[in-house]
Amino acid sequence: MDKKYQDKLFAKKAPLHVHISITSDCNLKCIHCYGSYGIIKKEIPFNILKKILAYYKKTNILYVNISGGEPTKYSKFINLIKYLDHIELPYYLTSNGLFSLKKYNLIKKSKMLLAFKISLDGTNPQSHLYIRDPIKKNKKIYNNTLKTLNQLKKDEIYTIVGTLIHSKNYKEILEFPKFLNKLNVKKWIIGPLLSKGRGKNNNKNINSNEIIKLFKDKKFIKKLNKECIINNIELDLSDFKTLDKKDYYFKCGAGIHYYHISTNLIAYPCPLLPYTRFAKNYSYKIKNNLNNINKIWNSIQFKNWRIQQIKGCPDCKL
Ligand SMILES: C[S@@+](CC[C@H](N)C(=O)[O-])C[C@H]1O[C@@H](n2cnc3c(N)ncnc32)[C@H](O)[C@@H]1O
């Protein structure tokens, strides 16, 4: 077997980190959202979440990535942060940066916070709001996200920015590294639209062939890398590598070094799987098995997923 395929099959013996969608509630209704979040409020009950996190603490898991929906909208968010500190479980927060000062002050003091991952889709209100508040285009939304980024800078919290490349921001991509450097952002993860949920319904408005062309252009990629080096930003382009047909399909660590838990307590290798027609094939209900990572990790569903990763799902570029 080809060495690189062989390596892909060598999943870690146990996951290194877990991505948890604690709530489907959100303060935005982004037009690209793969989970169509912000409509129905469904969350993992706090007593169950606590059991899951306490169990992780006893395993070799390095950290959990707390996401959603918008995780800061979780009804027991303050208790959750206190609990993570109490059990000393390191965590990331993946957020749109729109939350109260009270919550910010609590997070800032949290000793187990490893990093903040903030979504920022433009260096100006127009391109950010195009997908995040398309109708009202409320500038406050952009300004408040920037306010959070500035606070994180001031408090020297390790900050990652995630950006969706869309039809209204792809022309400003080379301006991002300098902009992010000023905000003391350390890492920038950029990716294409995944055509799921509202992202599928609004595909035509968000996607463009120009984006695909741009990311196939080696000169452009070289320029982008150079800008990031000059501005001291680690660039993560891994989602775009899939656009190069010569490469094999999956570059991500889904089911290889991490897995995802949905708000309805189902484990999937990848956070996007629930929104695909493959959801049932590669999922594991954890409701009655909260305390058994090995059962999930070594389940037939996860094993089949790893085999599938070599081929790639027919309608998912990732
Ligand atoms: C689902 S959100 C949840 C966390 C938080 N509410 C936020 O906005 O960052 C996590 C990330 O997924 C990205 N995302 C959502 N739908 C997507 C899609 N269809 N394609 C690519 N990225 C998507 C968002 O832009 C965001 O950076």
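A residue is counted as near a molecule if its C-beta atom, placed from the backbone, lies within 6 Å of it. This matters at the outset, as the structure shown above is a predicted model and the tour ends at its ligand.

Begin with the sheet. Ten strands would be hard to follow one at a time, but their order gives a map: 10 strands form an open sheet in the order E7-E6-E5-E4-E3-E2-E1-E8-E9-E10, and the pairing is mixed. At the edges are strand E7 (234-236) and strand E10 (284-285), each of which pairs on one side only. As background, the side chains of a regular strand alternate between the two faces of the sheet.

Take strand E1 (17-23) next. Six of the seven residues of E1 are buried, so the rest of the structure largely encloses this strand. E1 has E2 on one side and E8 on the other in the sheet order. With E2 it runs parallel, and six bridges join the two. With E8 it also runs parallel, over four bridges. Ile20 shows both contacts: its bridge partner in E2 is Ile66, and its bridge partner in E8 is Ile261. Ile261 in turn leads onward, since its bridge partner in E9 is Ala267. Here the sense changes: strand E8 (residues 258-261) and strand E9 (residues 266-268) run antiparallel and are joined by two bridges.

How does the chain get from E1 to E2? Between them comes helix H2, and E1, H2 and E2 make a right-handed β-α-β unit. Helix H2 covers residues 46-58, and its length can be checked: at 1.5 Å a residue, its 13 residues should span 18 Å, and the end C-alpha atoms are 19 Å apart, which agrees. Leu49, Leu53 and Tyr56 are buried in H2. Seen down the axis of H2, the buried residues fall within an arc of 55°, so they line one face of the helix. The face turned away from that buried side carries the exposed residues Asn47 and Lys58.

The loop between E1 and H2 contains Ser36. Most residues other than glycine have a negative phi. Ser36 has a positive phi of about 45° although it is not a glycine. Ser36 counts as partly exposed because it has 18 C-beta neighbours inside 10 Å, and a buried residue needs 20 or more. Lys137 is another residue with a positive phi, about 50°, although it is not a glycine. Lys137 is found in the loop between helix H5 (125-132) and helix H6 (139-154). With 14 C-beta neighbours inside 10 Å, Lys137 also counts as partly exposed.

Now move along the sheet to E5. Is this strand mostly covered or mostly open? E5 is mostly covered, with five of its six residues buried. In the sheet order, E5 stands between E6 and E4. E5 pairs with strand E4 (residues 113-119) in the parallel sense over four bridges, and in this pairing Phe116 stands opposite Thr159 in E5. Five bridges join E5 to strand E6 (residues 187-191), and these two also run parallel. Leu164 has Gly191 as its bridge partner in E6. From E5 the chain crosses through helix H7 (residues 176-182) to E6, and this β-α-β crossover is right-handed.

Lys182 lies in helix H7. Is Lys182 buried or exposed? Lys182 is exposed, because 12 other C-beta atoms lie within 10 Å, and the limit for an exposed residue is 12 or fewer. The C-alpha atoms of Lys182 and Ser67 are separated by 26 Å, and the two residues are 115 residues apart along the chain.

The last stop is the ligand. Which residues are closest to the ligand? Of the 19 residues that surround the ligand, the closest are Tyr34, Asn96, Ser119, Leu194 and Gly199. The elements that give two or more residues to this shell are strand E2 (63-68), strand E3 (91-95) and strand E5 (159-164). The shell divides into six nonpolar, 11 polar and two charged residues. Two of these contributing strands have appeared already: E2 as a parallel partner of E1, and E5 as the mostly covered strand that pairs with E4 and with E6.

Technical notes:
Residues are numbered from 1 along each chain as its sequence is written. This is a predicted model: local features need pLDDT of at least 70, side-chain atom pairs count only at pLDDT 80 or more; totals for chains, interfaces and linings use all residues. Ala, Val, Leu, Ile, Met, Phe, Trp, Tyr, Cys and Pro count as nonpolar, Asp, Glu, Lys and Arg as charged, and the others, Gly among them, as polar. Two strands pair if DSSP finds at least two bridges between them. A crossover is right-handed if, with the strands pointing away from the viewer, the path from the first strand over the helix to the second runs clockwise. The expected span of a helix is 1.5 Å times one less than its number of residues. The arc is that of the directions from the helix axis to the C-beta atoms.
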